Amino acid sequence: MMAIPAYNRKDVGLTKDTVTAMVEIRATSSAAMREGLDLVAVLDVSGGMGGDKIQSVKKALQFVIMKLTSVDRLSIVTFDSTARRLNPLRSMTQAAQTDLKAVVDGLQNGGGTDIKAGLELGLAVLAGRVHAESRTANVFLMSDGQTTSGDPREVHPGEVAVYTFGFGTGADHKLLSDLAKKSTGGTYSAVPDGTNLSAPFSQLLGGLLTVVAQDVQLTLEPNNADGDLEKMTVAPGTDYTTITDDKSGLITIKFGTLFSGEVRKVAVNFALRDSDETEEYDATLAEARHSYAGQKTRQSLEAILIVRTPNPSSPTDAGVENRSVQAEELRRLHADTINAASLLAEAERLEEARERIVDAQNAVEDIVLLDLDDGEKMVNALRAELLQLLAFMESQEIYNERGHPYALATVTSHGRQRTAARGDEGEVMCLYATPRMNAYLEQAKSFEENPAESVPSADDDV
């Protein structure tokens, strides 16, 4: 459902001015009715994936297999110098679970790292589906090395969400991040050496097994008739497919799927013209509507309007509503700062990068959000991210090994407003983890400690 827009100002004057509105879409918290999951696991089994790494892959896949139910389908694709489909999409009955566990147990490593071939084959498996209605198409792509053939960025994922996982220091983290961002809704997760792949797999699986809406879109239609609006633009800082009609100014934002309990917030900037009125009035600036695949009734429009008055209030008088918009602005600026600091660190300008992070720390401490719902949680999460990144900037070597993938995953997570692993699960709070994701993470930890214990299925979780 779409919440009533919030504004950074209580009202504005009759002369040229600006105002920002925050539009929020919140998914239902119930996962009793969900979409079927079609998942292709595309796994790097190249020469560098020996020892603990291949064992971690096996454990993570075993956990995934045990969580899926007969409404879900799984295919496994591996790649080294070439790509192979080990099985077609199979409904995860008990017999299929047994078969696929044996397939996973038999995984062996060796050869090069043709990421492009693996991704192309994984997407081809999904493109070949006969039954696709009310099913979500997703790829888990994991790699620990540098690609040895072609450029995977040339592959077009279409409407498939691609979730990528960079395993260890040798992975091409920037490439994997780019592949995730090229897809609709995908995220990149960093899996440092010595950590388990089952943790990031489990959290995202907790989302994918609670998909409550597909093809979610937000449409913003500017009110060009009344004369108040000069221009409407989406504020930077989020990473969704955004289409603007040059003639009408209509903006369409595509979010992809929504997991149970997820929220999407979009800030919209409005530039206002001088008004011909002399008294206070309500100015309708735009109308917002959200839509999703299979909806039974057309959603009603939500008006975005602001009071225009000859005696406007101070911007600081907007109260809690104003601070909720400020909080969203802070979160977006926080992500932009981490991205900028990361670019400086990559250019070996580490001192400048640290200064950017310290400035961001001061900005977090300066804003008062404790009276907002989850305001304290947000401040603590942003604060913890900055502290962790600053620690990774102690030296260039530490940054290259841990800071760079950490920053990429953090920026992707904020841009998509969706959880992404960074190797710090349990230490740094993630703003976007839903209760089901957290539950699956705890189940994965227990499974890592004792693989012989049974794992509850997605149906058991409901």
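1. Let's start with Asp274. This is a predicted model, and in it Asp274 counts as partly exposed because its relative accessibility is 45%; the partly exposed class runs between 20% and 50%. You'll find Asp274 in the loop between strand S15 (263–272) and strand S16 (281–291). Asp274 also belongs to a negative surface patch, together with Asp276, Glu277 and Glu279.

2. Now have a look at Thr309, in the loop between strand S17 (302–308) and helix H6 (319–346). Is Thr309 buried or exposed? Its relative accessibility is 5%, so Thr309 counts as buried. Its side chain has company, too: it makes a polar contact with the side chain of Glu280, at 3.3 Å. On top of that, a polar atom of the Thr309 side chain lies 3.2 Å from the backbone nitrogen of Asn311.

3. Gln295 sits in the loop between S16 and S17. With 21% relative accessibility, Gln295 counts as partly exposed; the cut-off for buried is under 20%. Try picking out Gln214 as well: it is 81 residues away from Gln295 along the chain, yet the two C-alpha atoms are separated by 9.8 Å.

4. On to salt bridges. How many are there? The count comes to 25. One of them pairs the side chains of Asp239 and Arg416, at 3.5 Å from N to O. This pair links distant parts of the chain, 177 residues apart: Asp239 is in the loop between strand S12 (229–234) and strand S13 (241–244), while Arg416 is in helix H9 (residues 396–416). The two partners don't share an accessibility class: Asp239, at 26%, counts as partly exposed, whereas Arg416, at 3%, counts as buried.

5. Another pair to click on is Arg383 and Glu365, whose side chains meet in a salt bridge of 2.8 Å, N to O. Arg383 belongs to helix H8 (residues 375–392) and Glu365 to helix H7 (residues 350–366), so here the bridge links parts of the chain that are 18 residues apart. Arg383 has 29% relative accessibility and counts as partly exposed. Glu365 gets the partly exposed label as well, at 45%.

6. Which residue forms a salt bridge with Arg422? That partner is Glu385, and the closest N and O atoms are 3.0 Å apart. Arg422 lies in the loop between H9 and helix H10 (435–449), and Glu385 lies in helix H8, so the pair ties together parts that are 37 residues apart in sequence. Both Arg422 and Glu385 are buried. Elsewhere, salt bridges that share partners join Asp38, Arg73, Arg129 and Arg135 into one network.

7. Last, a couple of backbone angles to check. Asp215 isn't a glycine, but it has a positive phi of about 50°. Asp215 is found in strand S11 (residues 211–222), and its relative accessible area of 43% makes it partly exposed. Glu348 isn't a glycine either, and its phi is positive at about 60°. Where is Glu348? Look in the loop between H6 and H7. Glu348 counts as exposed because its relative accessibility is 62%, and the exposed class is anything over 50%.

Note on methods
Residues are numbered from 1 along each chain as its sequence is written. This is a predicted model: local features need pLDDT of at least 70, side-chain atom pairs count only at pLDDT 80 or more; totals for chains, interfaces and linings use all residues. Side-chain values use heavy atoms; hydrogens and water are left out. Patches are made of residues with over 30% relative accessible area and no salt bridge: like charges are joined within 9 Å, nonpolar side chains (Val, Leu, Ile, Met, Phe, Trp, Tyr) within 5 Å. Accessible areas come from the Shrake-Rupley method with a 1.4 Å probe; for residues, only the protein chains shown count as cover. A salt bridge is a side-chain nitrogen of Lys or Arg within 4 Å of a carboxyl oxygen of Asp or Glu. Lys and Arg count as positive and Asp and Glu as negative; His and the chain ends are not counted. The place of a charge is taken as NZ of Lys, CZ of Arg, CG of Asp or CD of Glu. Helices (H or I, at least four residues) and strands (E, at least two) are DSSP runs, numbered from the N terminus. Buried means under 20% relative accessible area, exposed over 50%, partly exposed in between (1.4 Å probe, protein chains only). A polar contact is a pair of N or O atoms within 3.5 Å; within protein, one must be able to donate a hydrogen and the other to accept it, and residues adjacent in sequence count only if both atoms are side-chain atoms.
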